[in-house]
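Take a moment to look over the sequence and the fold before reading on. The paragraphs below go through the strands and their partners step by step.

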Amino acid sequence: MRSMWKYLNQNDRHLLLTGSRGAGKSTLMRQLAGWQGGADGILTQAVRQPDGNAMEVQLRRMGQEETCIIGRGGPQGMQPVEAGFARGAELLRQCREECAGLLIIDEIGFLEQQQAEFLEEIWH
């Protein structure tokens, strides 16, 4: 894994991890961040009901406790929360400005794809 990181870092590559829910993608990203000093990023977490359905989706900057809610479940399914995405875009902007190493975004899901300001920060 360390040699892969060295290759990715030296060649300025992007890394895309895919997998089913619970496969360990976010865990792997946190491990990569731990191996590389100066890594920062945004993590996504679904808060679930006992039946497994998502009640809300939160974003959090790595190493910080503050979360912002970007989606809430309801009768029409998961709906984006505009104010949460505005805060998420701000957190992402801060990461980009302050990060000296690897910038991690653990998910770009259907909610994120609906938010132009957030996407602009990702692809900036």
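A good place to begin is the hairpin formed by β3 and β4, in which 2 residues lie between the two strands. Strands here are DSSP runs of type E with at least two residues, while helices are runs of type H or I with at least four residues, and both are numbered from the N terminus. The two strands of this hairpin, β3 and β4, run antiparallel and are joined by 4 bridges, and within the hairpin Gly-73 stands opposite Met-78 in β4. Two strands are said to pair if DSSP finds at least two bridges between them.

The model is a predicted one, in which local features need pLDDT of at least 70 and side-chain atom pairs count only at pLDDT 80 or more, whereas totals for chains, interfaces and linings use all residues. Residues are numbered from 1 along each chain as its sequence is written, and side-chain values use heavy atoms, with hydrogens and water left out.

On the other side of the story stands the hairpin of β2 and β3, which has 5 residues between the strands and in which Gly-63 takes a positive phi near 80 degrees. Here β2 and β3 pair in the antiparallel sense over 5 bridges, and the bridge partner of Glu-56 in β3 is Arg-72. Strand β2 (residues 54–61) is also joined to strand β1 (residues 40–48), again running antiparallel, by 7 bridges, and Ala-46 has Val-57 in β2 as its bridge partner.

Within strand β2 lies Gln-58, and is this residue buried or exposed? Gln-58 counts as buried because its relative accessible area is 14%, where buried means under 20%, exposed over 50% and partly exposed in between, computed with a 1.4 Å probe on protein chains only. If neighbours within four places in sequence are left aside, Gln-58 is in contact (heavy atoms within 4.5 Å) with several residues, including Leu-43, Val-47, Cys-68 and Ile-70.

Taken together, 5 strands form an open sheet with mixed pairing, in the order β4-β3-β2-β1-β5. The edge strands, each pairing on one side only, are β4 (77–80) and β5 (103–105). Neighbouring strands of this sheet are turned by 25 degrees against each other on average, direction ignored; such angles run from 0 to 180 degrees between N-to-C directions, with axes being lines fitted to C-alpha atoms, for helices over the stretch in contact. Helix α3 (residues 82–98) packs on the sheet, touching β1, β2, β3 (67–74), β4 and β5, and its direction makes about 145 degrees with that of β3.
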